[in-house]
Amino acid sequence: MERLFRYTLAILISTVAGLQFVQVITRYVFETPIMGLEEVAVIPTLWLYILGAVNASREDTQIRANVLEIFLDTERARHILLVISEFLSLIISVWLTWWAWDYFKYAMRVGKETPTLYLPTIIYESALFIGLLLMSGYVAWHLYKHIGFLIKGGPDADKPIDHEHPHTSELDEFQMLEQKEVRADG
């Protein structure tokens, strides 16, 4: 799944950059803008934003203000806080998904098209509903994992939190990259 997101997001960002490059060259160098290029550029741009948010939800790397974690002593307490946080996130994301579903139904019923190229706008209007649906699924999955950790318990749950050297997903990523370098060097 990680590889799929990595390549999809790379293709989308390259497409957006390429379209912007073409727009700048044709508009400012040749002084002849390409009609409809903005309409085409909206499609990969919106999908890039939404799929980037889905990827952050999948990796559980959204921006958070983890101020309360400073006052927690054990992993159990941290996971209780994470369960509360994920539960509230799930409620909000399901609510937003419901609204996006209403908008998606409206967009399907109306069948709008772009003004210059007559492209169906549902191509990019569907991104919000699909993205929020996927984000809600990932939030539910993370909630399930945190509840499972609390139910399982064990010595890991009572392990104290090291506030001096916190464990982050970035550290995991750096360790993984370091291991790959060591294997590549032989």
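## Arg 27 and its partner across two helices

In this predicted model, Arg 27 is partly exposed, with a relative accessible area of 33%. This value lies between the limits of 20% for buried and 50% for exposed residues, so Arg 27 falls into the class in between. The side chain of Arg 27 meets that of Glu 38 in a salt bridge, with a distance of 3.1 Å from N to O. Glu 38 belongs to helix α2 (residues 37–59) and Arg 27 to helix α1, so the pair ties together parts that are 11 residues apart in sequence. Glu 38 is also partly exposed, at 41% relative accessibility.

## Other salt bridges

Side chains of opposite charge can pair when their charged atoms come close. The whole structure holds six salt bridges, and one of them joins Glu 2 to Arg 6, whose closest N and O atoms are 2.9 Å apart. Glu 2 and Arg 6 are four residues apart in helix α1 (residues 2–29), which means that about one helical turn separates them. Glu 2 has a relative accessible area of 39% and is partly exposed; Arg 6, with 46%, is partly exposed as well.

A salt bridge also links the side chains of Asp 102 and Lys 105, with 3.5 Å from N to O. Both residues lie in helix α3, three residues apart, or about one turn of the helix. Asp 102 is partly exposed at 30% relative accessible area, and Lys 105 is partly exposed at 38%.

## Overall architecture

The protein contains five helices and zero strands. Read from the N terminus, its elements follow the order α-α-α-α-α. Along the principal axes, the C-alpha atoms fill a box of roughly 65 × 50 × 30 Å. The radius of gyration is 22 Å, whereas a compact globule of 186 residues would have a value near 16 Å.

Of the 186 residues, 30% count as buried. The protein exposes about 13,100 Å², and carbon and sulfur atoms supply 68% of this area. Among the contacts with a separation of 6 or more, 73% are between residues 24 or more positions apart.

## A nonpolar patch on the surface

A nonpolar patch on the surface has about 1,200 Å² of accessible area in total. Its members include the isoleucines Ile 80, Ile 84, Ile 91 and Ile 92, together with Phe 87, Leu 88 and Leu 96. Tryptophans also contribute to the patch, namely Trp 95, Trp 98, Trp 99 and Trp 101.

Ile 91 may serve as an example from this patch. This residue is found in helix α3 (residues 75–110) and counts as partly exposed, at 45% relative accessibility. Trp 95 and Trp 99, which are also members of the patch, are both exposed.

## Aromatic rings

The structure has six aromatic pairs. In one of them, the ring centres of Trp 95 and Trp 99 are 6.5 Å apart and the ring planes stand at 80°, so the pair is edge-to-face. Trp 95 and Trp 99 are four residues apart in helix α3 and are thus separated by about one helical turn. In another pair, Tyr 103 and Tyr 106 have ring centres 6.1 Å apart and planes at 40°, so this pair is tilted.

Tyr 103 and Tyr 106 are three residues apart in helix α3, again about one helical turn. Tyr 103 is partly exposed, with a relative accessible area of 33%, and Tyr 106 is partly exposed, with 35%. Three further aromatic residues, Trp 101, Phe 104 and Phe 129, form one aromatic cluster.

## A buried glutamate

Glu 125 is located in helix α4 (residues 122–152). Its relative accessible area is 9%, and the limit for a buried residue is under 20%, so Glu 125 is buried. Apart from its neighbours within four places in sequence, Glu 125 is in contact with Tyr 103, Ala 107 and Lys 112. Tyr 103 thus appears both in this set of contacts and in the tilted ring pair with Tyr 106.

Technical notes. Residues numbered from 1 in each chain as written. Predicted model: local features only at pLDDT ≥ 70, side-chain atom pairs only at ≥ 80, totals over all residues. Heavy atoms only, no water. Patch = residues over 30% accessible without salt bridge, like charges linked within 9 Å, V, L, I, M, F, W, Y side chains within 5 Å. Areas by Shrake-Rupley, 256 points an atom, 1.4 Å probe, with all protein chains shown as cover. Salt bridge = Lys/Arg side-chain N within 4 Å of Asp/Glu carboxyl O. Helix = DSSP H or I, 4+ residues; strand = E, 2+ residues; numbered from the N terminus. Buried < 20%, exposed > 50% of the residue type's maximum accessible area, 1.4 Å probe, protein only. Rg over C-alpha atoms; globule rule 2.2 N^0.38 Å. Contact = heavy atoms within 4.5 Å. Phe/Tyr/Trp six-rings, centres within 6.5 Å; stacked < 30°, edge-to-face > 60°.
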